[in-house]
Amino acid sequence: MAADFYARLPPVERFDRLVDDDAYQALPPDWTVVLTDVTGSTVAVQEGRYRDVNYVGAASIAAVLNAAGRADLPFVFGGDGATLVVPPEFLGPALAALAALQEHAVERLGLALRVGAVPLAEVRAAGHEVAVARYQASPRYAQALFRGTGLGWAERQVKHPDTAVRFASRAAPAAGEDPYAGLECRWRDVKSPGGETVSLLVEAVGDDRDATYREVLDALSRTFGDETAHPVAIDRLQLSASPAKLGPEVRLRHPGDPFARVRLWALSLLGRVLIRFGLETSETDWDRYPKLFRGSTDYRKFDGVLRMVLAGGPAERAALEAVLERLHRAGRLAYGLHVSDRAVLTCLVYKRMGQQVHFVDGAGGGYTQAAVGFKRRLRELTAVPEQVAG
């Protein structure tokens, strides 16, 4: 059936294959690009609410996957929102779930969420394409890579004042006891061993974008390294002992439950003990779990824009910036980055030793803050009109 299209794709084994045409297949013509973003996210991040912003962005994905009843739809987490491509069988339930999230985000977290839906047929009629690859990041985790300019075009339609109303979702909210089942936020921020955690956005422009991306990937490998750049160091991965860390999950998933924070806090403390001593329970081998966790993170992705969260130090970051700035001045790419000292995790766990994904961003609103410089540089190169602020 058409809904199985993505799940049946042959996996690609290396992230650098994002530049290879034969890694991708065109999405079915009757699918729809669904986009969400927290409006006013830059201000919310500046007010210190980046964990709430991340949680609502990740909740967009959880809501759609739960409404569809499957975890194998292609998506990309963007920090303050998400992009998904949804088959027609699940579009109605997905938009209804997101309409409910719009209400819950305002009522429970004080954040407004924009939801747009752009049919893939309209994307292609405008001269743009969206193709997808299924990147097998680890034995238990596959993530979508997207190729083409179609997702960027769809995002502009959803945000631009002249077209936003046309593509805004008008679905009625769905009812459900816990539409965000599996969404957790219980881990301590992960400190970078090198002192810096860099949230990076890069988009190649011009006639030979693949060559530009290859040059960037090569520079990343030289400066940050392939393995050491991973922002989740296993020896620094620890469940939080702070009840305050549980705030977004308690408010969005357990409103009105006076014992939710205490219950989740107790589970976190128990988890710390289980991991510390490498114990095994009926469902989880806690000695193996940190490695499985690390392999299921989305710290690098591609949706026409290269998005990465990288661990390193000032020297690595300076060397990478020099390459990016040279390529930007040559008119070949736009980039933006934000530097903090740790990574923030928001988790979607369906089975503790099975299907899960851990969304990674830099502390202090990494992707949202990186987007400020990214959009400025992109306008310099392409004269793209300034979009509604995220």
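**Entry 1: the four-stranded sheet**

Two strands count as paired if DSSP finds at least two bridges between them, and I kept this in mind while looking through what is a predicted model. I first looked up an open sheet of 4 strands, and I noted that its order is 3-4-2-5 with antiparallel pairing. Strand 3 (75–77) and strand 5 (112–119) stand at the edges with a single partner strand each, so one side of each has no neighbour in the sheet. I also wrote down that neighbouring strands here are turned by 10° against each other on average, direction ignored.

As a reminder to myself, strands of a sheet pair through backbone hydrogen bonds, either parallel or antiparallel. For one pair in this sheet I looked up the details: strand 2 (residues 32–39) and strand 4 (residues 81–86) run antiparallel and are joined by 6 bridges. Within that pair, V34 has L84 of strand 4 as its bridge partner.

I then asked which strands helix 3 lies across. I found that helix 3 (residues 88–109) lies across strand 2, strand 4 and strand 5, and that it runs at about 165° to strand 5.

**Entry 2: strand 10**

Next I turned to strand 10 (residues 196–204), where 9 of the 9 residues are buried, so the strand is largely enclosed by the rest of the structure. In a regular strand the side chains alternate between the two faces of the sheet. I could follow this in strand 10, where E196, V198, L200, V202 and A204 point one way while T197, S199, L201 and E203 point the other way, and all are buried.

I looked up two pairings of this strand. With strand 12 (residues 306–312), strand 10 pairs in the antiparallel sense over 7 bridges, and here S199 stands opposite V309. With strand 13 (residues 333–340), strand 10 also runs antiparallel, and 8 bridges join the two; in this case the bridge partner of V202 is Y335.

**Entry 3: E129 in its loop**

Last, I looked up E129, which I found in the loop between helix 4 (120–125) and strand 6 (131–138). Is E129 buried or partly exposed? Because partly exposed covers the range between 20% and 50% relative accessible area, E129 counts as partly exposed with its 34% relative accessibility.

Leaving out residues up to four places away in sequence, I listed R124, R147, G148, T149 and G150 as the residues that E129 touches. With R124 there is a polar contact between the two side chains, at 2.8 Å. I also noted that E129 and L27 are 102 residues apart in sequence, yet their C-alpha atoms are 8.9 Å apart in space.

How values were computed:
Residues are numbered from 1 along each chain as its sequence is written. This is a predicted model: local features need pLDDT of at least 70, side-chain atom pairs count only at pLDDT 80 or more; totals for chains, interfaces and linings use all residues. Side-chain values use heavy atoms; hydrogens and water are left out. Axes are lines fitted to C-alpha atoms, for helices over the stretch in contact, and angles run from 0 to 180 degrees between N-to-C directions. Contact means heavy atoms within 4.5 Å. Buried means under 20% relative accessible area, exposed over 50%, partly exposed in between (1.4 Å probe, protein chains only). A polar contact is a pair of N or O atoms within 3.5 Å; within protein, one must be able to donate a hydrogen and the other to accept it, and residues adjacent in sequence count only if both atoms are side-chain atoms.
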